[in-house]
Amino acid sequence: MTTAGRIYRRLAEAFPHEFRMAYGDQMLEAGEDSMRRLANQHGAAGILRLIFDIALRLPLEYLTEMRQDMRYAARALAKSPSYALVGVLSLALGIGLTTNVYTSAWVLFTRTLSGVANPHQLVTAETTASYPYIERYRDQKDLFTGVAAVQNSVEFNVALPGQSGKPDRVYGQLVSPDYFSVLGMEPQRGRLLSADLDKTGVTPAVVISDRYWRSHFNADPDIIGQTIRLNG
Amino acid sequence: MTKVHVQSFIPLKPQWFHIMLSLAGGEQHGYGIMQDVLERTTGKVHLWPATLYGSIKRLIEADLIEESNDRPAPELDDARRRYYRLTSLGKRVLDAECDRLQELVRTIQVRREVVTE
């Protein structure tokens with residue numbers, strides 16, 4: 001079989017199943033017969049026209065089938081609206097959830113961390129490590145430029161200045177003093193954590209997020225120096 | 001079938017018209033239709049195989065042609081071939097299209113006569 005014959009056969013075999021069952025053999029036979037005649041009469045141009053015809057019809061047949069399937073589905077769903085509603089809602093919920101999960105995963109794994117000086121140089125440990133290990137990693141200067149520890153989703157009871165009664169429950173992070181310097185971050189106001197904060201007897205310090213500043217302090221620029229009570 | 005139904009197919013797509021015109025002479029298989037159109041139009045109209053069978057599929061779906069169970073004599077028959085014929089709707093649609101084209105030709109002839117006078 002010639003190359004053109006093989007291409008024609010491959011394209012014929014790629015037609016939708018229903019079409020192939022009804023017309024596949026005939027189309028193949030007609031095409032192969034035409035190919036010989038066209039080769040004699042028109043040469044390569046005739047063969048190309050034949051291939052072009054089948055290549056053009058292939059997507060059209062799939063589109064036609066898809067349109068028929070959609071019409072059938074619409075008619076079937078129109079006959080039982082409640083079933084259609086449940087189906088549509090289930091689909092919407094499923095698609096929404098899947099999109100949300102994949103979007104979150106995409107953002108989590110691929111986004112560049114905003115505000116971080118050199119995000120592409122950051123690495124995280126695959127498993128959790130105790131603080132003495134962190135200190136050992138930090139002391140090995142030839143291993144990393146800097147090492148910081150973070151514990152996520154830590155629950156704090158926070159009482160704002162002048163707040164009486166039950167404190168707010170806030171989720172935050174416990175971080176080592178060099179956390180912000182490793183990330184290369186700068187504060188909008190005030191200062192970040194100093195290196196000697198993990199020494200015994202040093203007054204604990206808190207860094208709050210911009211969102212927390214706006215939601216709980218009404219974006220007050222004079223907040224620096226005020227005292228908030230944590231877990232106390 | 002109502003007249004409105006017939007008119008909904010008019011004007012016929014050129015390839016539909018040629019296929020139906022081939023079947024007006026009797027039952028025919030796909031490759032035979034292709035050859036008939038080629039000979040009838042002295043090679044000017046070539047129904048390429050994929051276009052031909054795609055059109056046959058749609059003509060059957062539109063109830064304009066149907067598959068025929070009548071086969072030629074065994075010595076002339078090829079079991080792989082399917083034969084097609086016009087349905088009664090198909091005949092009416094073809095008549096309506098032929099009338100339309102004849103009317104068109106008449107109009108053209110009148111115009112030509114006016115121009116040449």
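This passage walks through the contact between chains A and B, the spaces found in the structure, and a few local details of the backbone. The model is a predicted one, so everything below is computed from predicted atoms.

The meeting of the two chains is a good place to start. On one side, 26 residues of chain A are in contact, and on the other side they meet 22 residues of chain B. Put together, the two chains bury about 2,000 Å² between them, and 53% of that area sits on carbon and sulfur atoms. Polar links turn up here as well: eight residue pairs are in polar contact across the interface of chain A and chain B, with both partners at pLDDT 80 or more. As for where chain A's share comes from, helices α2 (17-42) and α3 (44-79) of chain A each supply at least two residues of the side that touches chain B. The largest share of that side is from α2(A), which gives 13 residues. Sorted by character, the residues on this side of chain A come out as twelve nonpolar, six polar and eight charged.

Charge pairing shows up both across the interface and within chain A. Side chains of opposite charge can pair when their charged atoms come close. Over all chains, the count comes to 16 salt bridges, and two salt bridges are found across the interface of chain A and chain B. Glu61(A) forms a salt bridge with Lys57(B), with the closest N and O atoms 3.9 Å apart. That pair just makes it, because the cut-off for a salt bridge is 4 Å. Inside chain A, the side chains of Asp33(A) and Arg36(A) also meet in a salt bridge, at 2.7 Å from N to O. These two residues lie about one helical turn apart, because they are three residues apart in helix α2 of chain A.

Next come the spaces. The second largest pocket has a volume of about 210 Å³. Its lining draws on both chains: Thr64(A), Arg67(A), Gln68(A) and Arg71(A) come from chain A, while Trp16(B), Arg58(B), Glu61(B) and Ala62(B) come from chain B. Two elements give two or more residues to this lining, namely α3 of chain A and α4 (49-61) of chain B. The largest share is from α3(A), with four residues. By type, the lining of this pocket divides into two nonpolar, two polar and four charged residues.

What about enclosed space? The structure holds one cavity of 30 Å³ or more. The largest cavity has a volume of about 40 Å³. Both chains line this cavity too, with Gln26(A), Glu29(A) and Ala30(A) on the chain A side and His29(B), Gly30(B), Tyr31(B), Tyr53(B) and Arg81(B) on the chain B side. Helix α2 of chain A and helix α3 (30-40) of chain B are the elements that give two or more residues to this lining. The largest share, three residues, belongs to α2(A). The residues around the largest cavity split into three nonpolar, three polar and two charged.

Two backbone details round things off, one in each chain. In chain B, a cis peptide bond joins Ile10(B) and Pro11(B), with omega at about -5 degrees. Pro11(B) is found in the loop between α1 (3-7) and α2 (14-24) of chain B. In chain A, Ser153(A) has a positive phi of about 50 degrees, although this residue is not a glycine. Ser153(A) is part of strand β1 of chain A, which covers residues 150-159.

Notes: Residues are numbered from 1 along each chain as its sequence is written. Chains are lettered from A and ligands numbered from 1 in the order in which they are written. This is a predicted model: local features need pLDDT of at least 70, side-chain atom pairs count only at pLDDT 80 or more; totals for chains, interfaces and linings use all residues. Side-chain values use heavy atoms; hydrogens and water are left out. Contact means heavy atoms within 4.5 Å. Buried area is the accessible area (1.4 Å probe) that two parts lose on being put together, summed over both. A polar contact is a pair of N or O atoms within 3.5 Å; within protein, one must be able to donate a hydrogen and the other to accept it, and residues adjacent in sequence count only if both atoms are side-chain atoms. Ala, Val, Leu, Ile, Met, Phe, Trp, Tyr, Cys and Pro count as nonpolar, Asp, Glu, Lys and Arg as charged, and the others, Gly among them, as polar. On a 1 Å grid over the protein atoms alone, a cavity is a set of points where a 1.4 Å probe fits but cannot get out, and a pocket is an open set with protein on both sides within 12 Å along at least five of seven lines; lining residues have an atom within 4 Å of a point. Grid points are joined across faces, edges and corners, and a volume is the space filled by probe spheres set on the points.
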